[in-house]
Amino acid sequence: MSHAPTAPHRDRREPGEVFGSGFSLFADMLVVGLLTSVACLPVVTAPAAFAAASGTLRQTAHDGLPVGLGAYAGRLRACLSVRTLAAGLLIPVLVVVLAVDAALVRSELPGAPVVAPALALLALSAAVVGLRATAIAAPHQLSVREGLVRSAADPGGSLLLAAAVLLAALLVWSMPLLIPLLPGPLAFAATVVDLRSTTGREEA
């Protein structure tokens, strides 16, 4: 029986460290969120950007080292490929599905009360599977099939990610100024859920 490696817990603060290691990880998550937002601007680079964010946060949690621009940029370059750019084209499709769903909610077309929730559930499920795919470590990184398998095998983790996506959507609706920071918490949530499910499989 093996256990996933964890970073040693520090009871003491380093010289000049005011808030402790937990706050440092929170700050790293926000930095990663900003870097991911910038990397997502071309839209098609979003899968690679989130995969780089997950890998960076995973390494930061393991080594206890602060997030660096060079480390994130290196991971982003490694994740960029024709396959990941093609996967990024699914994001506009998801946006169209949400737009159609919003239009159906406002309309009085027959079947709208049934189709609108179905489209919303489809979009939420796609977001969860996409996040899980970006959080998977090599050699299955950015594998939609593996993300789907892990989503089905770990319904509890999938529900946690769905809650994170819904909370992010609520924040976008209520406080749009937070949009540049939201990729960080989403990538962090996906990474933690993946580590949680991986540890559970190893202990089993």
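# A chain of helices

From the N terminus on, the elements of this chain run α-α-α-α-α-α-α-α-α, and in the predicted model the chain has 9 helices and 0 strands. Buried residues make up 35% of the 204 residues in the chain. Among the contacts in the chain with a separation of 6 or more, 67% are accounted for by residues 24 or more positions apart.

Helix 2 is a useful place to begin. This helix covers residues 46–63, and its 18 residues should span 26 Å at 1.5 Å a residue, which agrees with the 26 Å between its end C-alpha atoms. Of the 18 residues of helix 2, 13 are buried, so this helix is largely enclosed by the rest of the structure.

One of the neighbours of helix 2 is helix 3 (residues 69–79), and the two pack at an angle of about 135° with their axes 8 Å apart. Because angles over 145 degrees would be needed for a roughly antiparallel pair and angles of 65 to 115 degrees for a roughly perpendicular one, helix 2 and helix 3 are oblique to each other. Their crossing is right-handed. On the side of helix 2 the contact is made by Ala48, Ala49, Ala51, Ala52, Ala53, Gly55, Thr56 and Gln59, while helix 3 contributes Tyr72, Arg75, Leu76 and Cys79. Sorted by class, this contact of helix 2 with helix 3 has 8 nonpolar, 3 polar and 1 charged residues.

Further along the chain, helix 5 (residues 90–106) and helix 6 (residues 112–135) have axes that come within 9 Å and cross at roughly 155°. That angle makes helix 5 roughly antiparallel to helix 6, and the crossing of the two is left-handed. From helix 5, the residues Leu94, Val97, Leu98, Val100, Asp101, Leu104 and Val105 meet Ala112, Val115, Ala116, Pro117, Leu119, Ala120, Ala123 and Ala126 in helix 6. By class, the contact of helix 5 with helix 6 has 14 nonpolar, no polar and 1 charged residues.

Helix 6 also packs with helix 8 (residues 155–174), where the axes come within 9 Å and cross at roughly 110°. Helix 6 is therefore roughly perpendicular to helix 8, and helix 6 passes helix 8 in a right-handed crossing. Here the residues of helix 6 in contact are Leu124, Ala127, Val128, Leu131 and Arg132, and those of helix 8 are Gly157, Ser158, Leu161, Ala162, Val165 and Leu166. The contact of helix 6 with helix 8 has, by class, 8 nonpolar, 2 polar and 1 charged residues.

The loops between helices hold two residues with a backbone feature worth following. Most residues other than glycine have a negative phi. Val43, which is not a glycine, nevertheless has a positive phi of about 70°, and Val43 lies in the loop between helix 1 (21–39) and helix 2. Leu142 is another such residue, with a phi near 60°, a positive value in a residue other than glycine, and Leu142 is found in the loop between helix 6 and helix 7. As to their surroundings, Val43 is partly exposed, with a relative accessible area of 34%, whereas Leu142 is buried, with a relative accessible area of 9%.

Past that second loop, Arg145 has its place in helix 7 (residues 144–153). With a relative accessible area of 64%, Arg145 is exposed, because the cut-off for exposed is over 50%. Arg145 and Ala133 are 12 residues apart in sequence, and their C-alpha atoms are 8.0 Å apart in space.

Towards the end of the chain, Ile179 is found in the loop between helix 8 and helix 9 (183–203). At 41% relative accessibility, Ile179 counts as partly exposed. When residues up to four places away in sequence are not counted, Ile179 touches Ser37 and Val172. Ile179 and Leu34 are 145 residues apart in sequence, yet the distance between them is 9.2 Å in space, C-alpha to C-alpha.

Conventions: Residues numbered from 1 in each chain as written. Predicted model: local features only at pLDDT ≥ 70, side-chain atom pairs only at ≥ 80, totals over all residues. Heavy atoms only, no water. Axes fitted to C-alpha atoms, helices over the stretch in contact; angles between N-to-C directions. Helix = DSSP H or I, 4+ residues; strand = E, 2+ residues; numbered from the N terminus. Parallel < 35°, antiparallel > 145°, perpendicular 65-115°, else oblique. Left-handed = near helix turned anticlockwise from the far one by under 90°. Contact = heavy atoms within 4.5 Å. Nonpolar A, V, L, I, M, F, W, Y, C, P; charged D, E, K, R; others polar. Expected span 1.5 Å × (residues − 1). Buried < 20%, exposed > 50% of the residue type's maximum accessible area, 1.4 Å probe, protein only.
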